Every structure is written in C-alpha cells, then in structure tokens.
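Hi there,

Here is the structure I promised to pass on. Have a look at it first, and then read my notes below.

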Amino acid sequence: MDGVRGALPQTGIGLDVHAFAPEGEAVPLWLAGLFWPGECGLTGHSDGDPVAHAAADALFSAAGLGDLGTHFGTDRPEFKGASGATLLAHASRIVRAAGFEIGNIAIQLVGNKPKFAPRREEAQQALSAAAGAPVSISATTSDALGFTGRGEGIAAIATALICRVE
Ligand SMILES: Nc1ccn([C@@H]2O[C@H](COP(=O)(O)O)[C@@H](O)[C@H]2O)c(=O)n1
Ligand SMILES: C[C@@]1(CO)OP(=O)(O)OP(=O)(O)OC[C@H]1O
C-alpha cells in the first residue's frame, strides 16, 4: 500500500446469530466471554457466543482476512466447544501477525435475555483482555420484534478499527 492510504485506519463489520438450545437441553450460556448461570444456552459448533464471534468477524473484515469460518471452520475439530474469548484472542493474534494494531472494537448485542447491563463492565473487561484492545458492548431488545423479540436467539453486530503498523 503506498502513500497516505497505508497510514489510514481500516474499519470492519461483523454480525453473528446463535439460536437458543431447545428447552430441556442443559446447555450452559456463554455470552460476551462470560458464563451466565441459570440462563438457557446457545447452540453452535463452538460455545456459540455471538458477541465474541461478531467481534472476531469485525477484526477479520477490517484486515481483509475473510471471516470466522475462513479461520475457525466447523471442519476444525480443535474449535469444537471453543470459548468465544479464545476465538477472539486467536483472531486478534492473526490480525496483528498480518501487520495491524487494533484500535477498538464496539459490539451491540440484540436480545431480550439475559439482562446484560448489570454485567457490562465484567464483559468488557473479559473481551478487552482477549483482544488486547478496548472493547465496548451495548445491548438492546428488538422491541419484541423478529427472532430476537420472540426469544429464539441472540444476535450481535460489531465494528472494529485497526491500523497498519508494519
Ligand atoms: N438483553 C438486554 C437488552 C437491553 N438491555 C438494556 O436495556 C436498555 C433498554 O434497551 P432497549 O431495547 O430499549 O434499547 C438498554 O440500556 C440496554 O443496555 C440489557 O441490559 N439487556
Ligand atoms: C465458530 C465456529 C467454529 O467453531 O462455529 P460456531 O460456534 O457454530 O459459530 P458461527 O459463528 O456460526 O461460525 C463460525 C464457526 O466457524
């Protein structure tokens, strides 16, 4: 990349959705890098954490390095049950190895449950530690509309800002 373009920051976007496990299945909920005792878990090849996955996807998007499936596909048995924080840490290492530093990651969770705000600080600390960069997380319901409003799953959307440093 030549001239000023190589010095400009690059943004990325990521979206992820996971469905709640069927009632009666004792699946633990992992969300935003935290365990949520007593809450219904989400389905997935990994731990199904849409907040961490959206963040990792945003990093890959910003770096032009594909997406989560490119690096941690379901054909990779070593990622079965992997935690979202682990995947985000791996993604951050891959992006740094490609010559970038991470400015920040902003994520918004969309869903009715669990009530996220009381654990926002804890979650931000967990995912910031995983990424090695500031992660902020907001939450919203979808006003009872759509699959999140019907309580069928949780969605998350994220943006990331990275800068080329090498
Ligand atoms: N799972 C959620 C969803 C939302 N919140 C917080 O509730 C507030 C109001 O949300 P709206 O749907 O009206 O946008 C907002 O401050 C969210 O942080 C939450 O804690 N958990
Ligand atoms: C993370 C991976 C791999 O374990 O699986 P899931 O947990 O199903 O998550 P998803 O966000 O649907 O896609 C990425 C997959 O490659």
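What follows is a short tour of helix H4 and of the surroundings of the two ligands. Please keep in mind that this is a predicted model.

Let me start with H4, which runs over residues 120–131. Its 12 residues should span 16 Å at 1.5 Å a residue, and the C-alpha atoms at its ends are indeed 16 Å apart, so the expected and computed lengths agree.

Which residues of H4 are buried? They are Ala123, Ala126, Leu127, Ala130 and Ala131. Viewed down the helix axis, these buried residues fall within an arc of 125°, so they line one face of H4. That buried side packs against three strands and two helices: E3 (34–36), E4 (100–110) and E5 (135–140), together with H1 (50–63) and H3 (84–97). On the face turned away from the buried side, H4 carries the exposed residues Glu121 and Glu122. After the helix comes Gly132, with a positive phi near 70°.

Now to the ligands. Around ligand 1 you will find Gly111, Asn112, Lys115, Phe116 and Ala117, as well as Ser138, Ala139, Thr140 and Thr141. By class, this shell has five polar, three nonpolar and one charged residues.

Ligand 2 has 13 residues around it, of which Gly44, His45, Ser46, Leu68 and Phe79 come nearest. Its shell is made up of eight polar, four nonpolar and one charged residues.

Enjoy exploring it, and write back with any questions.

Best wishes

Definitions and conventions:
Residues numbered from 1 in each chain as written. Chains lettered and ligands numbered in written order. Predicted model: local features only at pLDDT ≥ 70, side-chain atom pairs only at ≥ 80, totals over all residues. Near = placed C-beta within 6 Å. Nonpolar A, V, L, I, M, F, W, Y, C, P; charged D, E, K, R; others polar. Helix = DSSP H or I, 4+ residues; strand = E, 2+ residues; numbered from the N terminus. Expected span 1.5 Å × (residues − 1). Buried ≥ 20, exposed ≤ 12 C-beta atoms within 10 Å, placed from the backbone. Arc of directions from axis to C-beta. Contact = placed C-beta atoms within 7 Å.
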